[in-house]
Amino acid sequence: MQIQSMHFKARVTDKLADSVLQDNLRKTKSKFVGKRAQAIQELPEFEATREAARAIRDRVLNDLDHWLLAFEQEASRRGATVLWARDGDEVCRLVLEIAARHDCRKVVKSKSMLSEESGLNQALEAAGVVPVETDLGEYILQLNDNEAPSHIIAPVFHKSKEEVSELFARRHGTPRKTDITALAREAREQLRPQFLSADMGISGGNFLIAETGSVALVTNEGNGRMCTTVPRVHVAITGVEKIVPTLEDFATLMRLLPRSATGQSISNYVSLLTGTRGEQESDGARHMYFILVDAGRVDLVHGEFQEMLRCIRCGACMNHCPVYQTVGGHAYGWVYPGPMGSVLTPLFQGLERAIDLPNAATMCNQCGVVCPVKIPLPDLLRKLRTKQIELKLRPWSERMAIRLWAWVAARPALYAWLAARGARYLKWLAGERAYIDMLGIAPGWTSTRAFPAPQGKTFRELHAEQAKAATRGAHH
Amino acid sequence: MSIQDSRADMLARMRSRLGRNAAQDAEAAERVAAALRAPVPAPRPPLPADLTACFIERALSMQSTVARISVMHEVPQACADYLARTCLPPTAVVWPQIAALDWAGAGIEVVARAAQGEDLTGITGSFCALAETGTLVLCSGPDSPATVSLLPETHIAIVDASRILAGMEEAFALLRREAGGVPRSLNFVSGPSRTGDIEQTIVLGAHGPSRVHLVVVG
């Protein structure tokens, strides 16, 4: 996917002015949050399980090379072919080679974000292979001229049912439906013949299990099962970091993933797929391929951003992010939106091409609090901000201002003196109203709202006064 | 570099980033082998006292329907009753594993094979079931094709109450014991297929069955 993150600010302005999008975001914003809150209440061991999950992910990442070899050995033993790809182009080349080898003309796809990263659909189309997205959300997007997803687990988070209804009527030539059940039914009927006639199924992978050489797929719709059961060939494309050691570790992570993602205690279909169809079997793929992808992940191993590789792609961070919930996923300009995307996009695509993303956060730490594998997202965003300054990617004036601030902050007496002057100046500026309509040094802050003025005294002054009063009280 | 070199290149870069010497590398290999030999324990929700009751309660909450009978030979009649009640024709594709039950005696016409697109009802057994989440555990195999629980609009599954286990961990232990590991396709099925993609509103009936009926025996 072509990155657009360098245009973040312009895209945000568009999205804020888009009243249809704003309505849709308002309508859905609290649904995932409420469901997650309820689902974790039903599991008193949630916090202890989060800690265990963090340990499982770290165990893999700390010895990732050996875990990958263990996975490869077991997957090969079960009859699958394990391939490795350094980037999206290699993913596309490998998939096209597999398609040519097995004479595949039509591909049904279960959701794969790595396929979005790689621009796989365009590569398939260019080679004359028809890709059909089968996750309802992804299907809607493909139907709408290959629109990009706006959420990692709910790709059409930004669309209302009316928009889907209009799209289906136009593209399927069927009467307009207003009911979501009827829309899902229509998609089922459109996609069923595609499943039955496809030569290849492509899936992502929620996890790869080293012990058994399996890929785990977690879906509600059953399209993951369809793509991996009906066609002759199954290709699973996943990042190298998706390894989980054992089946027991997988069970632990499965207590967190659906709860954090959709607020379900379990997703409808959890499938472990291992190797190829046995001689006596009457269904299942005859050929199975794994493509283990780097695309920026290897460079994070054992570095200051390794914690990001723990991510299990649940989407909880974006569901709870005030920025994401206000601007929507498309504003971020690449495959992964929200806090996890603001960390991953600069790391995978280059900090200079996603310069505003680490700053698109209020540092409220909602994302860190809900992350099922305890990724300290605000810390990672702050590290990226530091890098921007170090690499001189931010404007000269901003760098100077930050340097000046750091110099003052390291001198407590000077800081106190300046802060007291600043507080009095702002109080004077605000006058009777106690609000400032236009702040000269930071006009952006007051362009859409008034700035509440300080009361005239700093926290340190108030604290000193109270301490003094308390001492006096104690003497009496 | 050719694509064949990708594996070597990716592994080499991982190793150089991890910065281990030969002795540390051997330790890493041993850590992996040890973790594979003995899984690391993790917190578990407490076990319910009555696994069957818990399974049924959770299965209902996942929108499965449930009938409870006492012995295996009542299964065909329980399936026939369900099909009649749901206004479905008395025909089904079944797992070869359960083909020997007296389906004709209950008036159901069955074929034992993998399912096809036009099959309306699929009847399967189950490897075991999980109380924690109301989940069926299905293993693919020559006598238990995976499509039977997937393609038909209605899925009826037979659950042996004595094989209702607490959670996934117990199912994995049983698989290792009885089958020597995981089958080609291991499916944990919890109720009818559904989607929440449009306006985060969950509706039943996506690509898999829109009805899942459990016949619990014992």
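## Exercises on a predicted two-chain model

Helix α12 (residues 247-254) of chain A lies across four strands of that chain, β5, β6 (214-219), β8 and β9 (269-273), and runs at about 160° to β5(A). Keep in mind that this is a predicted model. Now grab the structure and try these.

**Exercise 1.** Find the order of the eight strands in the open sheet that contains β5(A), and work out which strands stand at the edges.

*Solution.* Step one: walk across the sheet. You pass β8(A), β5(A), β6(A) and β9(A), then β9(B), β6(B), β5(B) and β8(B), with mixed pairing. Step two: look at the ends. β8 (243-244) of chain A and β8 (164-165) of chain B each have a single partner strand, so one side of each has no neighbour in the sheet. Step three: zoom in on one pair. Strand β5 (residues 207-209) of chain A runs parallel to β8(A), joined by two bridges. Here A:Leu208 has A:Ile243 as its bridge partner.

**Exercise 2.** Decide whether B:Val189 is buried or exposed, and list its contacts beyond four places in sequence.

*Solution.* Start by placing the residue: B:Val189 sits in strand β9 (residues 185-189) of chain B. Next, check accessibility. Buried means under 20% relative accessible area, and B:Val189 has 2%, so it counts as buried. Last, gather the contacts. From chain A come A:Arg225, A:Asn268 and A:Tyr269, and from chain B come B:Gly134, B:Thr135, B:Leu136 and B:Leu138.

**Exercise 3.** Describe the open six-strand sheet of chain B and the helices α3 and α4 that pack on it.

*Solution.* First, the order: β1-β12-β7-β4-β2-β3, with parallel pairing. The edges are β1 (65-69) and β3 (109-112) of chain B, each with a single partner strand. On average, neighbouring strands of this sheet are turned by 25° against each other, direction ignored. Then take one pair: β1(B) and β12 (residues 211-217) of chain B share five bridges, and B:Val66 is partnered with B:Leu214. Finally, add the helices. α3 (residues 51-61) of chain B lies across β1, β7 (154-160) and β12, at about 155° to β1(B). α4 (residues 75-85) of chain B touches β1, β4 (121-124), β7 and β12, and makes about 150° with β12(B).

**Exercise 4.** Work out how α16(A) and α18(A) cross and what kinds of residues meet there.

*Solution.* Begin with the axes: α16 (residues 338-349) and α18 (residues 377-390) of chain A come within 9 Å and cross at roughly 35°. The crossing is left-handed. Now the residues: α16(A) brings A:Pro339, A:Met340, A:Ser342, A:Val343, A:Pro346 and A:Leu347, while α18(A) brings A:Leu377, A:Leu380, A:Leu381 and A:Leu384. Sort them and you get nine nonpolar, one polar and no charged.

How values were computed. Residues are numbered from 1 along each chain as its sequence is written. Chains are lettered from A and ligands numbered from 1 in the order in which they are written. This is a predicted model: local features need pLDDT of at least 70, side-chain atom pairs count only at pLDDT 80 or more; totals for chains, interfaces and linings use all residues. Side-chain values use heavy atoms; hydrogens and water are left out. Axes are lines fitted to C-alpha atoms, for helices over the stretch in contact, and angles run from 0 to 180 degrees between N-to-C directions. A crossing is left-handed if the near helix is turned anticlockwise from the far one by less than a right angle, and right-handed if clockwise. Contact means heavy atoms within 4.5 Å. Ala, Val, Leu, Ile, Met, Phe, Trp, Tyr, Cys and Pro count as nonpolar, Asp, Glu, Lys and Arg as charged, and the others, Gly among them, as polar. Buried means under 20% relative accessible area, exposed over 50%, partly exposed in between (1.4 Å probe, protein chains only). Two strands pair if DSSP finds at least two bridges between them.
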